[in-house]
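Please open the structure in your viewer and keep the selection panel at hand. The tour below proceeds stop by stop, giving a selection and then what is found there.

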Amino acid sequence: MPGPDTLVSPAGPSARDEGEPRSGRGKKGLTDGDRQRPSPTGDAARPTRDRIARGEDVREPDGSRTGGAHADGASGGAGSDAGPFAKRPSKRGRRRRRRSTSAEAPPTDKPAPQRKGRRRKPRGTVAGPARNEAGLAADTDAGPAERAPAPSAPPQAPALANRTRPSQAYAALDLGTNNCRLLVAVPARPGAFRVVDAFSRIVRLGEGLGASGRLSDAAMDRAVEALAVCRDKLIARPVERTRLIATEACRSADNGAAFLERVYRETGLKLEVVDRETEARLAVAGCGSLVDRTARSTVLFDIGGGSSEIAVIDLDRGGGRNLSDNIVGWTSLPIGVVTLAERFGGTHVDPESFAAMVAHAEELLADFAARHRRSGGGRDDAFHLIGTSGTVTTLAGIHLGLKRYDRRRVDGLWMADHEVDRINDQLLSWSFDERVANPCIGRDRADLVLAGCAILQAIRNVWPARRLRVADRGLREGLLTEMMAADGVWRRSRYRRGRARGQSASKPGGR
């Protein structure tokens, strides 16, 4: 008996076909005597069939004998169980008999005979692998040797494979007094880019710098470790151009040059120390899209770890397409959140110490404010502030009540004047542990956030404004914008589009 997985061909030989030729069973193969001899049917034919099958000699009514020695004749055939006079089964019965005999026959090595003519596809079947309810190809339990090889995909034409060239990436790194930041982006629509990778880590490179004038070994170790991560990211992705800068900590430290040599020796990154004017210009270039175009002037500030840059921008001046071309004055204060917190204390801050920090910042701003203070000094909608620093983004996160910092909700947020006052008072009322517990502050910024709020309050006292716009961007974005603009990536795209329109318009027959 064949197993359930054995294929049995319905066209295989039956027991009748093995014992007698097919030509002896048709009507044309019978003799005249066979045509005249009556054929017993039903129960009357059973004893005669059994005796012939046992090889006995059976005498017919006309005196002839069948069986025995005559059983091997042309009409009987060995193995026949019906005799020459048995009634031939109908066509349907023969098919049933062949099916039952083939199912009980042992498997044979002989290949099944091929049917002639056109083969029809079975109904209700779909070519391809079996699929589950979700429409995905179902996995089978067969091993690699049992599975049929999957059809290989057609080869892609070389023209299609090389038609699109991946966009070239640009990288900008900013090593500040408190943070190490990396941004990798590719050009997008004119004036914009798409970020493909980013990294930021608090390293506190300027820790203890105000007291000793030197970078500590622990701070340099933290910075080198973060820069090694940036180096790995730059190696893993092809980059068209890079610009790696260092700011106030490396500018003012006595061992700043030795630290940069160590960075190059251990990471292969060559950092460029930029001056304060360049730092202010880059901050403005990175936040150009956040300026309210209906305003007539604005003040942009970047509160860093070791310095704070402030730029006054006159939008009525019309100095050029770039926002940095409209800067009428800039300054860099030699204080930041790290240096101010080390001088006045950042862990336990009371209203008296906070007021002392604000007064110190206003004193440093006095000369610049005297030259660039707004006429009238009133609050109106034609003027607003733009803040790009961890201080203002922290205030925005607390104002929104975020359980986790979300840049998409913070960047570009407008805060009213009274909302900033409320958050300042709330932070001043919190203890150090309460500041640590806030998800938008954390332990890394808990001792620095109030120093930043003091610098922000000094700027607001000098330039009162009804609105403050929060920017979660800064030097890195300015570096990327300047590099892409210098390479003309947006100008080339406009040129290609204009050239394509001109060629299509000048084709013959286009009139």
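Begin by selecting strand β12 (residues 414–416) together with β13: the two run antiparallel and are joined by 3 bridges. Within this pairing, Met 415 has Leu 468 of β13 as its bridge partner. Please note that the model is a predicted one.

Next, keep β13 (residues 467–470) selected and add strand β11 (residues 383–387); here the strands run parallel, and 3 bridges join them. Which residue of β13 is the bridge partner of Leu 385? The partner is Leu 468, the residue that is also the bridge partner of Met 415. Strands of a sheet pair through backbone hydrogen bonds, in either a parallel or an antiparallel manner.

Now widen the selection to the whole sheet. The sheet is open, has 6 strands with mixed pairing, and follows the order β10-β9-β8-β11-β13-β12. Its edge strands are β10 (327–333) and β12, each of which pairs on one side only. From one strand to the next, the twist averages 20°.

Two helices that pack on this sheet may be added in turn. Select helix α12 (residues 351–372), which touches β9 (308–314) and β10 and whose direction makes about 175° with that of β10. Then select helix α15 (residues 417–429), which touches β12 and β13; the direction of this helix makes about 80° with that of β12.

Return to Leu 385 and display its surroundings. Leaving aside residues up to four places away in sequence, Leu 385 touches Thr 298, Val 299, Phe 301, Arg 460, Trp 463, Ala 465, Arg 467, Leu 468 and Arg 469.

Leu 385 also leads to the next stop, the largest nonpolar core, which has 54 residues. Phe 301, Ile 310, Phe 354, Leu 385, Leu 427 and Trp 463 are the residues with the most contacts inside this core. Helix α18 (residues 449–462) supplies the largest share of the core, 10 residues. Apart from this core lies another, of 31 residues, including Leu 209, Val 224, Ala 249 and Leu 269. In soluble globular proteins, nonpolar side chains tend to be buried together.

For the last stop, select Asn 326, located in the loop between β9 and β10. Is Asn 326 buried or exposed? Asn 326 counts as buried because its relative accessibility is 7%, and the cut-off for a buried residue is under 20%. Finally, add Val 312: this residue and Asn 326 are 14 residues apart along the chain, and their C-alpha atoms are separated by 8.6 Å.

Technical notes:
Residues are numbered from 1 along each chain as its sequence is written. This is a predicted model: local features need pLDDT of at least 70, side-chain atom pairs count only at pLDDT 80 or more; totals for chains, interfaces and linings use all residues. Side-chain values use heavy atoms; hydrogens and water are left out. Two strands pair if DSSP finds at least two bridges between them. Helices (H or I, at least four residues) and strands (E, at least two) are DSSP runs, numbered from the N terminus. A nonpolar core is a set of buried Ala, Val, Leu, Ile, Met, Phe, Trp, Tyr and Cys residues joined through side-chain atoms within 4.5 Å. Buried means under 20% relative accessible area, exposed over 50%, partly exposed in between (1.4 Å probe, protein chains only). Contact means heavy atoms within 4.5 Å. Axes are lines fitted to C-alpha atoms, for helices over the stretch in contact, and angles run from 0 to 180 degrees between N-to-C directions.
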